[in-house]
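Visitor: Could you walk me through this one? I'd like to hear how the ligand sits in the protein.

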Amino acid sequence: MDPPADVGDLTELLRDGGYLADRGLATALFVALRLGRPILLEGEVGVGKTEVAKALAEVFARRLIRLQCYEGIDTSQALYEWDYARQMLQIRALSGPAAGSGQPFDEDAAVDRLFGPKFLLERPLLEAVRAGDEAVLLIDEIDRADDEFEAFLLEVLSDFQITIPEIGTIRAERPPLVVLTSNRTRELHDALKRRCLYHWVGYPCAEREIEIVLTRVPGVSETLAAKVVAAVQRLRELELNKPPGVAETIDWVRSLEVVGATEVDERTAEDTLGSIVKERDDLEVVRENLDQVISLA
Ligand SMILES: Nc1ncnc2c1ncn2[C@@H]1O[C@H](COP(=O)(O)OP(=O)(O)O)[C@@H](O)[C@H]1O
Ligand SMILES: [Mg+2]
């Protein structure tokens, strides 16, 4: 597929893929695509960071390769591992009673075979280096990984080259599009930020959020969508521990639809709060302010 000609073109493409990007995000993505640089998207939970990587893969018909980060993730889980179980089976086969073929046992050859491509389990980074520009590599929630892992990632992102001692060096001629996301539970290092283009993804404005709801919940009435969005935007001002993201807005609309509500009033809101407020302390704050939240809707 042809690369997008300009920012407007990319915005349209993403829209066709069900993703509504504002001008800032679309521009950042366009530049990342053009310059072949990784892009780091930071923002609150549920603002559409992960989703945009999926949408990019879809509209460019590229494979989405996802590396989900978590506390304690290490390099082998990101790069490759040896398939120990299969290696053990192979060793048994080699040394078992049926193995005596009369030929002398060549230990080096056996080891070579055990550490060959057949026994290699590719993990996302190796997969992405192999796939090159046929893939979108999503490195999701990098803030959950520790410092060491971040440093290691920086190395991989610098040269898109992975050396497996037993096999050799694998290099991406044309690197994949790399999207990193962070929910900002901690600061990332300057070095990593310097390597990437950066964009802060904020909550969408009401108008855009209504549009997102209409795209994601086909058939929903525009009035209900607008009311829910107004209430959610107000909820975000309440300093909750877990402010509702766009996913929660969508969930809320769906829940209201399921219970047959056409309005957001105090009763229907109370009945369906579980789809939007997910913490006990937050629930109390919301209940205290519910009339005010609803009055705006
Ligand atoms: N701009 C957008 N266009 C379409 N859908 C969106 C948009 N932003 C958020 N969403 C919806 O919100 C959900 C949550 O977004 P997600 O990417 O998981 O958030 P994050 O990764 O930032 O925590 C997505 O599954 C998608 O349905
Ligand atoms: Mg995410």
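**Around ligand 1**

Visitor: Which residue has a side-chain N or O atom 2.7 Å from an oxygen atom of ligand 1?

Guide: Keep in mind that this is a predicted model. For a polar contact, we want a pair of N or O atoms within 3.5 Å. An oxygen atom of ligand 1 has such a partner at 2.7 Å, and the partner belongs to the side chain of Thr-50.

Visitor: How much of ligand 1 does the protein bury?

Guide: Picture ligand 1 taken alone, when it exposes 570 Å². Put the protein back, and the part of that area it buries is 86%.

Visitor: What is the distance from the backbone of Leu-20 to a nitrogen atom of ligand 1?

Guide: Leu-20 is among the closest of the 16 residues that surround ligand 1. Here a backbone N or O atom does the job, and its distance to the ligand nitrogen is 2.7 Å.

Visitor: Which domains does ligand 1 lie between, and why?

Guide: Look at who gives residues to the shell. Helices H3 (49-59), H10 (206-216) and H12 (246-258) each supply at least two. On the domain level there are two givers, so ligand 1 lies between domain 1 (7-73 + 133-201) and domain 3 (206-295).

Visitor: How many residues of the shell are nonpolar?

Guide: Four residues of the shell are polar and four are charged. The nonpolar ones number eight.

Methods:
Residues numbered from 1 in each chain as written. Chains lettered and ligands numbered in written order. Predicted model: local features only at pLDDT ≥ 70, side-chain atom pairs only at ≥ 80, totals over all residues. Heavy atoms only, no water. Near = heavy atom within 4 Å. Polar contact = N/O pair within 3.5 Å; in protein donor to acceptor, adjacent residues only side chain to side chain. Areas by Shrake-Rupley, 256 points an atom, 1.4 Å probe, with all protein chains shown as cover. Helix = DSSP H or I, 4+ residues; strand = E, 2+ residues; numbered from the N terminus. Nonpolar A, V, L, I, M, F, W, Y, C, P; charged D, E, K, R; others polar. Domains from an automatic or database assignment.
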